[in-house]
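Let's take a walk through a protein together. Keep the picture open beside you as you read, and stop to find each residue as it comes up.

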Amino acid sequence: MQTVELEFDDEVIAKVIELFPKNLILDVAREEPAELIQAICKVCRYGLDSYRKAHLVEEMADTLIVIRELQKLFDISEEDLQEFIRSKQIRTKERIGELGVEK
C-alpha cells in the first residue's frame, strides 16, 4: 500500500491564526468534528453513495485542517503528535491481540 503524505499550506494556517481571534478558531475546532460526526451518521443511516462520500471526505478534510490549526496555535510538534499516535496504535494492536484476532 502506498502512503500519501497529507499536505497543509502552513502559510494559510499561520494567516488564519494571525487574523482570527483565538476564540473563533476554537469555536470552529469544536464545530468541524461535530459536522464530521453528522456526515458519518448520514452514511450509517442512508448508506454510502457518491454524494455522501464526497460530503464525508469534505468534513474529514475540514477536521484535519482544524487539527493542524490547533497544532500550530498551541505549538504542538509533529514529533509529540506522532508519539501519541504511535502509542495509541500500539495499545489498539495489543487489544486486537487480546481478542485473538489474526493480524
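Let's begin with a bit of vocabulary: a residue is called buried when its relative accessible area is under 20%, exposed when that area is over 50%, and partly exposed in between. Keep in mind, too, that you're looking at a predicted model.

Now try those words out on aspartate 49. Its relative accessible area is 32%, so aspartate 49 is partly exposed. This residue also has a partner: aspartate 49 makes a salt bridge with arginine 52, and their closest N and O atoms are 3.1 Å apart.

What's behind a pairing like that? Side chains of opposite charge can pair when their charged atoms come close. To be counted as a salt bridge here, a side-chain nitrogen of Lys or Arg has to be within 4 Å of a carboxyl oxygen of Asp or Glu. By that rule, the model has six salt bridges.

Another one sits in helix α2, which covers residues 22-46. There, aspartate 27 pairs with arginine 30, with 2.2 Å between the closest N and O atoms. The two are three residues apart, which is about one turn of the helix. How open are they to the outside? Aspartate 27 has 31% relative accessibility, so this one is partly exposed. Arginine 30 reaches 55%, so that one counts as exposed.

Next, find arginine 68 and glutamate 78, whose side chains meet in a salt bridge at 2.3 Å, N to O. Arginine 68 belongs to helix α3 and glutamate 78 to helix α4, so this pair ties together parts that are 10 residues apart in sequence. Is each one buried or exposed, or something in between? Arginine 68 is buried, because its relative accessibility is 13%. Glutamate 78, at 43%, is partly exposed. The pair also belongs to a bigger story: salt bridges with shared partners link Asp10, Arg68, Lys72 and Glu78 into one network.

Stay in this area, and let's look for empty space. Rolling a probe the size of a water molecule over the atoms shows where empty space is left. The largest pocket holds about 400 Å³ of space. It is lined by 14 residues, and the closest to its centre are Glu5, Leu6, Phe8, Arg68 and Glu78. So you've already met two of them: Arg68 and Glu78 are the salt-bridge pair that links helices α3 and α4. Both of those helices, α3 (50-73) and α4 (78-98), give at least two residues each to the pocket lining. Sorted by class, the lining has seven nonpolar, three polar and four charged residues.

Now move to the loop between α3 and α4, where you'll find aspartate 75. With 71% relative accessibility, aspartate 75 counts as exposed. Its backbone is worth a look as well: phi is near 50°, a positive value in a residue other than glycine.

Isoleucine 76 is in the loop between α3 and α4 too. Its relative accessible area is 38%, so isoleucine 76 is partly exposed. Together with Phe74, Leu81 and Ile85, Ile76 forms a nonpolar patch on the surface, with about 310 Å² of accessible area together.

For a last stop, go to isoleucine 17 in helix α1 (residues 10-19). Isoleucine 17 is partly exposed, because its relative accessible area is 25%. From its C-alpha atom to that of leucine 36, 19 residues apart along the chain, the separation is 22 Å.

Technical notes: Residues numbered from 1 in each chain as written. Predicted model: local features only at pLDDT ≥ 70, side-chain atom pairs only at ≥ 80, totals over all residues. Heavy atoms only, no water. 1 Å grid on protein atoms, 1.4 Å probe; cavity = no way out; pocket = protein on both sides within 12 Å on 5 of 7 lines; lining within 4 Å. Points joined across faces, edges and corners; volume = space filled by probe spheres on them. Helix = DSSP H or I, 4+ residues; strand = E, 2+ residues; numbered from the N terminus. Nonpolar A, V, L, I, M, F, W, Y, C, P; charged D, E, K, R; others polar. Buried < 20%, exposed > 50% of the residue type's maximum accessible area, 1.4 Å probe, protein only. Patch = residues over 30% accessible without salt bridge, like charges linked within 9 Å, V, L, I, M, F, W, Y side chains within 5 Å. Areas by Shrake-Rupley, 256 points an atom, 1.4 Å probe, with all protein chains shown as cover.
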